[in-house]
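Trainee: Please take a close look at one part of this structure, a pair of packed helices and their surroundings. I should be grateful for a connected account.

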Amino acid sequence: MSTLWRRKKFPFVFPAQPSAQPVPAPADRSRPITVIPVPPHGQETPPAPPGEPPATDPGERGEPAGWSAVVRFPSPRAALGHVAATAELGPPGLRRPPYDQSVWALLTPGHQPGLPLAAGYGGVVCEADADGLLWPDRPAAGVPRAIGELSTVAEWDPVSLAELAAHSPVAGPPPGLKEVAVLAPGALGRWLLRRCLATGVATTFTPVERLGPGARADTGWLLLRLRAADGSVPVGLVEACGRLPGTVACRAADPDCRLLVDVRLRLPLDDAVLLEEVPPGGHLVVERAVAGPPWQWRPLGEPAAGELLDAHPVPAAAPPVRTPVPVPALGPPLPVRLVTSARAPHRVDAVLVADGELDALRRFLRTRPLHETAVVAFGPGRHLVTEPPGLCQALPFGIPVHQAGPGALYLESGCVLNPPLPDTARDEVLGLGPDVITVLCRDGAWRLRLADVRPAWQLWMPAPPAFATGLSESARDLLDRLAQVMPEPEPAAPAAARTPEAERRRLNQVAMEHSLRGEYRKAAELLEQAGHFQRAAQMYERAAAELGEGL
């Protein structure tokens, strides 16, 4: 495949094309095909035969002469991947056919090592014979057929590497950018500049004009250079610059901004490869393919400090005249009541028991697994019993309540607030706090402290026995004699310290506080650290149920 070869000329038929696309004309066998051989290095190209126009030298368009093969890629992104993988072999001649969106790459013999990679990007390799006919390596029907002529492909419209780079993968702006260049129309330039200065980012601006087709200039554009003195440019500011209509946030490939690339593009090519196509003194912008092809711009002045464009008007010496506006009187406040509703949650997250029910709670919990996980928040005459969901429903007494939020706010099951209050209003009206538990029922309201929460087994905790400590006289004399006869052993290396029980109790206490505030996922993570995997699994189930109710 590395040398030019000649096949026997067969009558060939072009592959069928869709009716909506033009089909390239097959080679005309009635007229002689003029073969223009490629001369060896150092010799002049022979003149064209008389009576025919001179052949176009590919070198006139800045491309190397001597094409020997063609690769057809189904899309610009596929062609970009192959060009990036074979960048060290030199730039190929890229062409776009007039009938579809494929990209054809003209290759020289120096590109032969990259031909095996073409199939990985969906490319079809066609080598040219001495007559300039293109023969595929893998015929479609097993019969060798030429699919066109090399000269026809070379005359198609060229495709630049910058245009291929616009089809690179797209992602969010990368963090940690020290400098960002933003091109914005003049209508948005001043507003964008004020926002950049408000964030503390040093900004300079340069008036520029956008060059359209036919050298038509569109003035009124600004090039903003955002530089972070400490750290990086905020990612939110970069995203805001890219979301504005007509603006594009870029990174500069060189200090002179000859090449600006959209920060959302992830180029597989090195910036130096694209810079080779930018002419001296030119400035090119590569955006995403959906925004249009790459376009050029031209500076109209020198960079200036952003504060000059954001000059505020001098305020007048006299104070402004203020006209009083009458404010309508507010009506009387409405009382907030707890009423039953069919739309209210009927789940049971906790149970509110009275003082007279503590003895019954003590007898009930001692004989059931609930005593291992339940906790009691003691309060003024009413006490809240809670634990991982699913077990409180077994209590035959007390008032069932559900966690309504925000924080540790509990309402009687089957009831809602009337008039309804959003989370911010509940926090302000009910006086919620991070260290209190608020319980609202139809027969009253109670506020309990998180500091008064205890494990349920402490309801029947017995007094510890009196332990005898110290040493008797006989034991002390015996130990003194042994110490004189047998020396003390060398202290061994300390073993790895296990999790102290005090730390486990602390994790349980913090997990319980998160559970009371409805933060089941945080509570589950703390229980998992403490080694209570069953309780952690129950908390994860509760968190999943809350997430399902919000969808």
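Mentor: An angle over 145 degrees between two axes counts as roughly antiparallel, whereas one under 35 degrees counts as roughly parallel. With that cut-off in hand, please note that the model is predicted. The two helices to consider are H11, which covers residues 501–516, and H12, which covers residues 520–530. They pack at an angle of about 165°, and their axes lie 8 Å apart. Because that angle is over 145 degrees, H11 and H12 are roughly antiparallel to each other. Their crossing is left-handed.

The contact itself can be described residue by residue. On the H11 side, the participants are Arg-504, Leu-507, Asn-508, Val-510, Ala-511, His-514 and Ser-515. On the H12 side, they are Tyr-520, Lys-522, Ala-523, Leu-526, Leu-527, Gln-529 and Ala-530. In this contact of H11 with H12, eight residues are nonpolar, four are polar and two are charged.

H11 also takes part in a second feature, an internal cavity. Across the whole structure, a search finds three cavities of 30 Å³ or more. The largest of these has a volume of about 90 Å³. Its lining is made up of 13 residues, and those closest to the centre are Val-375, Met-512, Ser-515, Arg-535 and Met-539. Two elements, H11 and helix H13 (533–549), each give two or more residues to this lining. H11 gives the most, with five residues. By character, the lining of the largest cavity divides into seven nonpolar, four polar and two charged residues.

Ser-515 links the two descriptions: this residue is part of the H11 contact with H12, and Ser-515 is also among the residues closest to the centre of the largest cavity.

For the backbone elsewhere, two details may be added. The peptide bond from Asn-418 to Pro-419 is cis, with omega near 0°, and Pro-419 sits in the loop between strand S22 (415–418) and helix H9 (423–429). Cys-257, a residue other than glycine, has a positive phi, near 55°; Cys-257 is placed in the loop between strand S11 (248–252) and strand S12 (259–262).

Key:
Residues are numbered from 1 along each chain as its sequence is written. This is a predicted model: local features need pLDDT of at least 70, side-chain atom pairs count only at pLDDT 80 or more; totals for chains, interfaces and linings use all residues. Side-chain values use heavy atoms; hydrogens and water are left out. Axes are lines fitted to C-alpha atoms, for helices over the stretch in contact, and angles run from 0 to 180 degrees between N-to-C directions. Helices (H or I, at least four residues) and strands (E, at least two) are DSSP runs, numbered from the N terminus. Angles under 35 degrees count as roughly parallel, over 145 as roughly antiparallel, 65 to 115 as roughly perpendicular and the rest as oblique. A crossing is left-handed if the near helix is turned anticlockwise from the far one by less than a right angle, and right-handed if clockwise. Contact means heavy atoms within 4.5 Å. Ala, Val, Leu, Ile, Met, Phe, Trp, Tyr, Cys and Pro count as nonpolar, Asp, Glu, Lys and Arg as charged, and the others, Gly among them, as polar. On a 1 Å grid over the protein atoms alone, a cavity is a set of points where a 1.4 Å probe fits but cannot get out, and a pocket is an open set with protein on both sides within 12 Å along at least five of seven lines; lining residues have an atom within 4 Å of a point. Grid points are joined across faces, edges and corners, and a volume is the space filled by probe spheres set on the points.
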